[in-house]
Each structure stands twice: as structure tokens, then as C-alpha cells.
There are 2 protein chains.
Amino acid sequence: MKLGQATIKDIARELNLSASTISRALKDYPGINDETKRKVKEVAEKLNYRPNAIALSLRQSRSFTIGVIIPEVVHFFFSTVVSGIEEVANSRGYNVILTQSNEKLDREISSMETMLSNQIDGVLVSYSKETKTFEHFTKLLDHNFPIVFFDRAPAIPGAINVMVDDYQGSFDATSHLISQGYKKIVHLAGPKTLKISKDREKGYMDALEQNGLKFNPDYIIPCPMGTLEESRGLVGNLINSFPERPDAYFSCHDIGAVGAMMACRDAGLKVPLEVGIVGFSDWQFCSMLEPQLSSVSQPGFTMGAKATEILIDIIEKKLDPKTMEQTLILETKLMVRDSSKRF
Amino acid sequence: MKLGQATIKDIARELNLSASTISRALKDYPGINDETKRKVKEVAEKLNYRPNAIALSLRQSRSFTIGVIIPEVVHFFFSTVVSGIEEVANSRGYNVILTQSNEKLDREISSMETMLSNQIDGVLVSYSKETKTFEHFTKLLDHNFPIVFFDRAPAIPGAINVMVDDYQGSFDATSHLISQGYKKIVHLAGPKTLKISKDREKGYMDALEQNGLKFNPDYIIPCPMGTLEESRGLVGNLINSFPERPDAYFSCHDIGAVGAMMACRDAGLKVPLEVGIVGFSDWQFCSMLEPQLSSVSQPGFTMGAKATEILIDIIEKKLDPKTMEQTLILETKLMVRDSSKRF
DNA sequence: TTGTACGCGTTATCAA
DNA sequence: TTGATAACGCGTACAA
């Protein structure tokens, strides 16, 4: 704060009392003269006194601040999660320091560093697509520093993760497509570095098998970038060149699904009549499209809220993550809309 | 940080030196034995020393942290702004503390309070729809506390604002509709508490007049909530009950435009043939819709970046806002797409 | 070239 | 019921 923010000492001087008395009076400690207390509070009010959280942090070695590292805020899902984080953190008296990695490992690492310098009490992380090794996290976990991972869960034994049931969501989506009579279902897959990508792929494959459809590896199309143009291009090629033209697309995220939808439109294929499409994440725009896009809804707000609750519990109760439930899995919900409904 | 974070004292003890020597060695002060310096850095490395930013903050009365208060993160435009803020703040060595007001005045006020307690060096604000009085800001401005407002600019003399040219954007959008031959253009307006709403309304009205169309007050439909359902319902009623059925809708935000689009579809009206539609903000989904939605694009990232630069300049150069350019206006860009293109 | 002492704002501890 | 002192981690004026 700038010049002239009143401190306890200012109040003390004004009333000819000691700093400790002021401190106690303000915090309603027992054994303080009621009259003194009244006067102290009055002057505090007058001087517009505001406790200095920094001084408190230094003294208590606790900052009541948690860090959040996400790939990008400009991402409907992540912004939803942040919203949940913010909500819970606030209501429990914590500040939220936010940084984006922009999917870069080095930014993730340097963010972690500055946050630690700032004495955060714990951190919530969804790691970047570039991140393939996790020493920058394990080092801290070994020192019992509280970390909770969300959505993107690393392969670290003993780490706490909050995620959605990507496997089941994917399984449901694929089964739904099959139930609607689609038979040649392509999966637009995400980067293999993310566990969620692998889980979604697995759910897709298992759903095929359990429904008696044979799995064709050529039907898995990697979309590492996750842009609309990417999937639109890939699906466009597919439609024109593939020996057996696919009749459905299950994308590991909504953007990819929109790309597929556009490619189909480009090719004059009718959705859902000739081609079924399902996305993943249930972004806001799904119900604005024509036809409305079916998608697997992920509880982003809840994820952020739960992860934060767990983190703060660890911080405050000094829980040992090793003795806790390691993974909280939230349920997804398939939102069936027009893009995949034949009957 | 938890137990066992090494401090300068730990290094001092290990090397039988005084804390001040360590401090100087680490910061490459002149007049320190090279050999000592080497050893200090070595031990620092070994103990995984990390400066305590909290202690620094307390000492310098500077936290290198800026606060951000926005209505909601789950809002494409705001998340874009936050992204710009984050980027610049980070590169200039500042942390970002984020809070959402959720469009509530009391949350806005309490956010401000906790942030001040946390000794932020300055704050970036986009105030809530509920905010009608600004004492909680003016009080601080009077004490020279650095505040930069973005997007939603309050009627505070001397305050620094970064915003887009809402008037011009709106004027352009309306003119465009007129140029496409639409004549009965309805404006879906935002809440009057926001200057941006008023500016957009003004731009609409002026464009009508300057193009020789008479302005009909009944053609301004307030959409205070800004939800899809709201505008869909309102436009639906309009279509059925209005004596002179409108042939175009210019909405003060994209969601409203989508609502209008849906209402038209419900009523069997063809966009853009029978009805033209233009939104404001150019959210991601605009180009995913069918027909693609024309919209006024706002440079969110730039807005965040610029606002942050200005704020940090004020903080670091101790500039007096009163002597500065008060308002930075960024240009909008009309993205003409299918929803308003007749020719 | 290095050490001592003090202060940033607060509170816990011990003494009065 | 109140006050004095020390400590959280760091930087710096001053002394050695």
C-alpha cells in the first residue's frame, strides 16, 4: 500500500498505549478494559486501520494464499474451474494467485518458483501439454508441500488428483453413438502426454468392443493441436480419401467436434442423418450450434471447488496426502443433442 | 512455505558468516570476497535457498502483486483480458491476485478490502453491474492508490480508463446493417448502469440518424440479464406481436444475438435473407454458428495488456494519474459474417 | 571485506 | 489490565 496506511503503532501513539494492547483490543482478547477496547476500535475506525496481511504472513509463516497454475484461462473449461477455485478459496479466507503456463513447461516451472517465493500455502495444478517429467512437483511433494492436481493428473505415486471420469464419459459417448446405429466411428484423439487423452481413447475402444464392433486403429486420428482448423482439415481429408467413409465422429474435445461438423457440412453430409458427432467438455456454444452438438459435460466448477477444499484441508489440518484418498473422480454427464440423435 | 525452507541465516550458520554478508554475496554487491561469494552461492544452491518475497514485501512496503477484480472469469471476453494482464504482469515481475465480483457490489468491496490488506501495489478493475456508487474507489484514488479501470469505466473524474470504442463499434455495426438494406433495426440493449451500454446505444441511434432512418424508441429492447433465454424470449414476442416486424437485430453482446438468431429460427425467419443480426464482442463461437454471426470484435488481450502496462508504470514511476492521459480507447473491428450479409 | 544493529507490522510470552 | 521484548526474513547504514 502507498503512503500513510495506518498501523497498530499509529493507534498506540494516538492513545498513549502500547502496540500489544492495541493488538489485543482489536482481536477481542480477554482481559482488556472494555473502555480501552472501545477507544481503540474507535481510533482504528477513524484512522481507517487495516491489518497488514504481509506482516501476518511473515510472522505466522502462512500467507493464506494458494497458487493456481493452468494452461490457459481463455478456455471455457479452465475458466469454469477457476471460478470454482475462487469461490471456495474466498469463502475460506484465501487469496488466489493465478498463472498460466500457456502449455509451456518452462513457464510452469518458473511460475512454481515465484509462487514458492511468495510463500503460498499450497498449489493447484493442471500441468501443460509439454510437461513430461514431474520433478518440479515431486521435489515439493517429498517435502510435504501441499499440491492438488486437477483435470490433468500426472503419473506421480501418492499425488492427489481431482478429475472427471474421462474413461466413462468417453465410453458413454461412444456407446450412445453405437445405439443410434452409427457403425464406423472415428475418434479424434488428444495428445498422448495427457492422461485424459489416453483415458478417453480407452473408453472409446472399450465401448466399441463391448458392443461387438471391431476396433480399427486407422479410425483413431490424432489431433495434437486441438484447433478447429486442424480437425476440419483432417476430417475433410478423411471424407474424401478414406476407403470406408466413417459415419460418426467422437472428438476428445468440443472444438474438434465443431471442426468435424464443418468438414461434414463442407462435404454436403447431413448431421445427424448421415453422420453423428459428439464432443467432449460441453462448452457453452454446444447448444448454440445448428444442429446442437451433443457433448460430454464436465463439472468444471465442482472440480475447482472440490480440489480447493481438499487443498485447504491439507493445509489447515496438516493432513498427510499419503494417508488420504488419492483420487477424486467426478462424474461426467452425456448431453444428448441433435448432432447425434437419429431416432 | 512449509517446514524447512532455507533462509539466509541457515547459509550464514553453515559458513560461519553473518547474515548481511550472505545477503550481499547473493546480490553481487561490490566489496565482497570472490571466494566468499562463490561459497555462499554454492551453499545457497545446496540448501535450495529461495528468497522470501513476503519478508521483502514487508521491508520495502511493496508486494510486487497487483489485484484484478472482474465480474466473472467464465466469460470469454474477461478471460481474454485476464490473459493479457497475466502476460504483462508476469513479464514485469508482478504476481496477479484474482477475484470475481460475480456482479455483486458487496463482493467487489470486500475484494478490494482483502487485497488492500495484502498490500497489493495497485489494482485493475472492471466493476459489477450492481455498482452505482464509487466511493470504495474514489476514497483510494484520493490517497493516490493506483487503480486502472478497464472495459467498464466509472464516472469518476480523474480515473484512468482503458476501454474499447464502444460508440464507434456500435455505429459501425448499425451502419453496416443499414448498408445491407435493413431498415427496421432493433437494438438489444444492456444495463444502463454500464457506460458501455449507453455508448453502444448512442452509437446505434446516431448511425440510424446519420443514415436518414428515423429512430424509434420502441426499437430499443432492454436485456438487463444478458442471457440467451432472455433475448430469445423477448425477440420471440417481438416477432409475433410487433405491429411493424423488425428486420434486423443489433445486440450489445453476442449471447443476445444468438438468442435473437434462435428466436428467428423458431419463427421460421431466414437469416440473413429476411433478418440481419450482428452481435458485440466476437466470442469464439461466432464463427461456429450457422449462419456465422457477424460481430464487433473487441481486443481483450490488448486491453488487459495495456491496462497492466499503465498500472505498473504508475506504480513504478510514481506517476500522478491526474497528470496523465485519462482514457485509452482501443479500436474495435467489425467482423462481417453471414448473419448480416445480404449481398 | 565483514559484522552489528535496526526496522518493516504483527503477535506470543513473560513480566509488571 | 497493560507493557516490554523478541521473533518472523531481509536489507542497509554504520561501525569495525
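1. Asn16(A) is exposed, since 6 other C-beta atoms lie within 10 Å of its own and a residue with 12 or fewer counts as exposed. This residue sits in the loop between helix H1 (8–15) and H2 of chain A, and its phi is near 55°, a positive value in a residue other than glycine. The model is a predicted one, and the remarks below should be read with that in mind.

2. A second positive phi, of about 60°, belongs to Asn48(B), which is likewise not a glycine. Asn48(B) is placed in the loop between helix H3 (34–47) and H4 of chain B, and it counts as exposed because 12 C-beta neighbours fall inside 10 Å. As general background, most residues other than glycine have a negative phi, and most peptide bonds are trans.

3. On the peptide bonds, a cis bond joins Val271(B) and Pro272(B), with omega about 5°, and Pro272(B) lies in the loop between helix H11 (254–266) and S9 of chain B. The bond from Glu290(B) to Pro291(B) is also cis, with omega near 0°, and Pro291(B) belongs to the loop between S9 and S10 of chain B.

4. The strands named here are part of an open sheet of six strands in chain B, in the order S7-S6-S8-S9-S10-S12 and with mixed pairing. Its edges are strand S7 (220–222) and strand S12 (333–335) of chain B, each of which pairs on one side only. Neighbouring strands of the sheet are turned by 20° against each other on average, with direction ignored. Helix H9 (residues 195–210) of chain B packs on this sheet, where it touches strand S6 (185–189), S7, strand S8 (248–251) and S9 of chain B, and the direction of the helix makes about 175° with that of S6(B).

5. Within that sheet, strand S9 (residues 276–281) and strand S10 (residues 294–297) of chain B pair in the parallel sense over four bridges, and Ser281(B) stands opposite Ser297(B) in S10(B).

6. As for the relation between the two chains, a turn of 180° with a shift of 0.0 Å along the axis lays chain A on chain B with an RMSD of 0.1 Å. The two copies are therefore related as by a two-fold rotation axis. Both copies use the same surface, since 100% of the contact residues of chain A recur in chain B. Of the residues of chain A, Ile97(A) comes closest to the rotation axis, with its C-alpha at 2.3 Å.

7. The interface brings 39 residues of chain A into contact with 39 residues of chain B. On the side of chain A, the elements that give two or more residues are H4, helix H5 (76–91), strand S2 (95–100) and helix H6 (105–117); by class, that side has 18 nonpolar, 17 polar and four charged residues.

8. Around DNA strand D there are 24 residues, of which Ser20(A), Thr21(A), Asn33(A), Thr7(B) and Ser20(B) come nearest. Helix H2 (19–26) and helix H4 (53–60) of chain A, together with helix H2 (19–26) and helix H4 (53–60) of chain B, each supply at least two residues of the surface near this strand. The residues of that surface divide into nine nonpolar, eleven polar and four charged.

9. Finally, Glu130(A) is found in the loop between strand S3 (122–125) and helix H7 (135–142) of chain A and is partly exposed, because 16 other C-beta atoms lie within 10 Å. Leaving aside neighbours within four places in sequence, Glu130(A) is in contact with Glu103(A), Lys104(A) and Leu105(A).

Key:
Residues are numbered from 1 along each chain as its sequence is written. Chains are lettered from A and ligands numbered from 1 in the order in which they are written. This is a predicted model: local features need pLDDT of at least 70, side-chain atom pairs count only at pLDDT 80 or more; totals for chains, interfaces and linings use all residues. A residue is near a molecule or strand if its C-beta atom, placed from the backbone, lies within 6 Å of it. Ala, Val, Leu, Ile, Met, Phe, Trp, Tyr, Cys and Pro count as nonpolar, Asp, Glu, Lys and Arg as charged, and the others, Gly among them, as polar. Copies are superposed by least squares on the C-alpha atoms of residues with pLDDT of at least 70 in both. Two residues are in contact if their C-beta atoms, placed from the backbone, lie within 7 Å. Two strands pair if DSSP finds at least two bridges between them. Axes are lines fitted to C-alpha atoms, for helices over the stretch in contact, and angles run from 0 to 180 degrees between N-to-C directions. A residue is buried if 20 or more other C-beta atoms lie within 10 Å of its own, exposed if 12 or fewer, and partly exposed in between; C-beta atoms are placed from the backbone.
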